[in-house]
Amino acid sequence: MIWINITGLGLIALIVWWFWLYKTDSTQIHDGTVKIRVKDGIYQPANISIPVNQPAQLIFLREDPTPCAESLLIPDLNVSETLSLNKPVTINLPGTPAGTYPFHCQMQMYRGTLVVK
């Protein structure tokens with residue numbers, strides 16, 4: 001009985017780590033463009049850093065057929081896009097002020113961060 005409780009707590013800890021604590025390395029954009037794969041429940045890369053007040057292109061390629069992967073929201077930048085399966089969708093960002101801008105699907109299961117500095 002105690003092993004069941006320990007296993008359950010371990011699974012809860014893993015879920016908390018995966019959905020709220022896990023952070024990937026940040027990808028720097030130097031030429032103004034980054035390609036982002038939407039696959040297996042994550043954005044690859046999920047943490048993107050761009051220079052302040054410089055235009056940037058985010059090119060999303062959705063390879064995951066699940067309905068949650070279909071939408072992309074960047075609420076603080078008023079971006080709402082539908083991602084077609086296996087077709088690149090380009091988001092053109094004008095010069096953006098410094099800050100941290102989360103992006104995600106409609107259910108926030110796919111999550112990423114755009115850091116402008």
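Is lysine 39 buried, exposed or partly exposed? Lysine 39 is partly exposed, with a relative accessible area of 28%. The classes follow fixed cut-offs: buried is under 20% relative accessible area, exposed is over 50%, and partly exposed lies in between (1.4 Å probe, protein chains only).

The model is predicted; local features need pLDDT of at least 70, side-chain atom pairs count only at pLDDT 80 or more, and totals for chains, interfaces and linings use all residues. Residues are numbered from 1 along each chain as its sequence is written, and side-chain values use heavy atoms, with hydrogens and water left out.

The secondary structure comprises one helix and 10 strands. Helices (H or I, at least four residues) and strands (E, at least two) are DSSP runs, numbered from the N terminus. Along the sequence the pattern reads α-β-β-β-β-β-β-β-β-β-β. The protein has 117 residues, and 32% of them are buried. Its exposed area is about 7,400 Å², of which carbon and sulfur atoms supply 61%. Accessible areas come from the Shrake-Rupley method with a 1.4 Å probe; for residues, only the protein chains shown count as cover. Contact means heavy atoms within 4.5 Å. Among contacts between residues at least 6 apart in sequence, 58% join residues at least 24 apart.

Nonpolar side chains in soluble globular proteins tend to be buried together. Here, the largest nonpolar core has 25 residues. Such a core is a set of buried Ala, Val, Leu, Ile, Met, Phe, Trp, Tyr and Cys residues joined through side-chain atoms within 4.5 Å. Tyr43, Leu58, Phe60, Ile91, Phe103 and Leu114 have the most contacts inside the core. Two or more residues each come from β2 (33–39), β4 (47–50), β5 (56–62), β6 (71–74), β8 (89–93), β9 (99–104) and β10 (111–116). Beyond its neighbours within four places in sequence, isoleucine 91 is in contact with Ala56, Gln57, Leu58, Phe60, Leu72, Val79 and Glu81.

Isoleucine 74 lies in strand β6. Its relative accessible area is 1%, so isoleucine 74 is buried. Residues up to four places away aside, isoleucine 74 touches Leu58, Val79, Tyr101, Pro102 and Phe103. The C-alpha atoms of isoleucine 74 and histidine 104 are separated by 6.8 Å, with the two residues 30 apart along the chain.

Valine 52 sits in the loop between β4 and β5. Valine 52 is partly exposed, at a relative accessible area of 32%. Its contacts, leaving aside neighbours within four places in sequence, are Thr96, Pro97, Ala98, Val116 and Lys117. Valine 52 and valine 116 are 64 residues apart along the chain, yet their C-alpha atoms are separated by 5.3 Å.

Two salt bridges were counted. The criterion is a side-chain nitrogen of Lys or Arg within 4 Å of a carboxyl oxygen of Asp or Glu. Glutamate 63 pairs with arginine 37, with the closest N and O atoms 2.8 Å apart. Glutamate 63 is in the loop between β5 and β6 and arginine 37 is in strand β2, so this pair ties together parts that are 26 residues apart in sequence. Glutamate 63 also forms a salt bridge with lysine 39, at 3.9 Å from N to O. That pair links distant parts of the chain, 24 residues apart, with lysine 39 in strand β2. Arg37, Lys39 and Glu63 are thus linked in a network of salt bridges. Glutamate 63 is partly exposed at 26% relative accessibility. Arginine 37 is partly exposed too, with a relative accessible area of 32%.

The structure holds zero disulfides (a disulfide is a pair of cysteine sulfur atoms within 2.5 Å). Cysteine 68 is buried, with a relative accessible area of 11%. Cysteine 105 is buried at 0% relative accessibility.

On the surface, Ile2, Trp3 and Ile6 make a nonpolar patch of about 390 Å². Patches are made of residues with over 30% relative accessible area and no salt bridge; like charges are joined within 9 Å, and nonpolar side chains (Val, Leu, Ile, Met, Phe, Trp, Tyr) within 5 Å. Isoleucine 2 lies in helix α1 (residues 2–21). With 56% relative accessibility, isoleucine 2 counts as exposed.
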